[in-house]
Amino acid sequence: MLADGDRRWCERVTVTFRNSGGTAARTGTVTFATHVIGALGVDWATLVSTRPLPGPIEAGAARTETYTVCVESWRVPLGMRIDTREVTVAGR
């Protein structure tokens, strides 16, 4: 789920993590691919940011977290916006 942030260069991204493995996921990284979108819908750039995985997530459990994902303000001039389109997770 995506929600606008207080600034055009930020948005709140809600992610549900499901651990389908047989052991707890104790550490890892969440990677966000955030696109800068122009006024006419042109995708100008994709910027990647990472955060720590909220752990531990027990085997068979799910956990929902909301992150505020921001890019540098100068990358999003007036009339443009951001859109986080991909979230990937690498956990251990």
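This is a short group-meeting talk about the predicted model of one chain shown above.

Okay, thanks everyone. Remember that we're looking at a predicted model today. Let me start with the overall layout.

The chain has 92 residues. In secondary structure terms there are zero helices and six strands, so if you walk along the sequence you simply read β-β-β-β-β-β. The C-alpha trace spans about 45 × 20 × 20 Å along its principal axes. Of those 92 residues, 32% count as buried. The chain exposes about 5700 Å², and 51% of that is supplied by carbon and sulfur atoms.

How much of the contact picture comes from residues 24 or more positions apart? Taking contacts in the chain with a separation of 6 or more, those pairs account for 68%. On charge, you've got 11 positive and 9 negative side chains, and the centres of the two sets lie 3 Å apart.

Right, the inside. Which residues make up the largest nonpolar core? There are ten of them: Val 13, Val 15, Phe 17, Ala 25, Val 30, Phe 32, Leu 53, Ile 57, Tyr 67 and Val 69. Strand S2, which is 10-18, strand S3, which is 28-37, and strand S5, which is 62-70, each put in at least two residues. S2 gives the largest share of this core, with three residues. There's also a second, separate core of six residues, and Val 36, Leu 47, Val 76 and Ile 82 are among them. As background, nonpolar side chains in soluble globular proteins tend to be buried together.

Let me pick out Val 69, from the ten-residue core. Beyond its sequence neighbours up to four places away, Val 69 touches Trp 9, Cys 10, Glu 11, Val 13, Phe 32, Thr 34, Ser 49, Arg 51, Ile 82 and Thr 84. Keep Glu 11, Thr 34 and Arg 51 from that list in mind, since I'll go through them one by one.

Glu 11 first. This one is in strand S2. Is the residue buried or exposed? Glu 11 is buried, because its relative accessible area is 4% and the cut-off for buried is under 20%. So what does the side chain of Glu 11 reach? The answer is the backbone nitrogen of Thr 84, at 2.5 Å. Glu 11 also sits 9.4 Å from Val 71, C-alpha to C-alpha, with their positions 60 residues apart in sequence.

Next, Thr 34, over in strand S3. Thr 34 is buried as well, with a relative accessible area of 1%. Its side chain makes a polar contact with the side chain of Thr 84, at 2.9 Å. So Thr 84 comes up twice: its backbone nitrogen is reached by Glu 11, and its side chain pairs with Thr 34. Setting aside neighbours within four places in sequence, Thr 34 is in contact with Ala 45, Thr 46, Leu 47, Val 69, Val 71, Ile 82, Asp 83 and Thr 84.

Next to Thr 34 in the numbering is His 35, again in strand S3. His 35 is buried, at 13% relative accessible area. The side chain of His 35 makes a polar contact with the side chain of Thr 46, at 3.0 Å. Its contacts beyond four places in sequence include Asp 43, Ala 45, Arg 81 and Asp 83.

Now Arg 51, which you'll find in strand S4, residues 43-52. Arg 51 is partly exposed, with a relative accessible area of 26%. The Arg 51 side chain reaches the backbone oxygen of Thr 68 at 2.8 Å. Past the neighbours within four places, Arg 51 is in contact with Gly 28, Thr 29, Val 30, Phe 32, Tyr 67, Thr 68, Val 69 and Cys 70. If you want a distance to check on screen, the C-alpha atoms of Arg 51 and Thr 31 are separated by 6.6 Å, and the two are 20 residues apart along the chain.

Last stop, a loop. Where is Pro 77? This proline is in the loop between S5 and strand S6, which covers 81-91. Pro 77 counts as partly exposed, at 40% relative accessibility. Gly 38 is 39 residues away from Pro 77 in sequence, and their C-alpha atoms are 8.7 Å apart in space.

That's my tour, thanks for listening.

Notes: Residues numbered from 1 in each chain as written. Predicted model: local features only at pLDDT ≥ 70, side-chain atom pairs only at ≥ 80, totals over all residues. Heavy atoms only, no water. Helix = DSSP H or I, 4+ residues; strand = E, 2+ residues; numbered from the N terminus. Buried < 20%, exposed > 50% of the residue type's maximum accessible area, 1.4 Å probe, protein only. Contact = heavy atoms within 4.5 Å. Areas by Shrake-Rupley, 256 points an atom, 1.4 Å probe, with all protein chains shown as cover. Lys, Arg positive; Asp, Glu negative; His and termini not counted. Charge placed at Lys NZ, Arg CZ, Asp CG, Glu CD. Core = buried A, V, L, I, M, F, W, Y, C linked by side-chain atoms within 4.5 Å. Polar contact = N/O pair within 3.5 Å; in protein donor to acceptor, adjacent residues only side chain to side chain.
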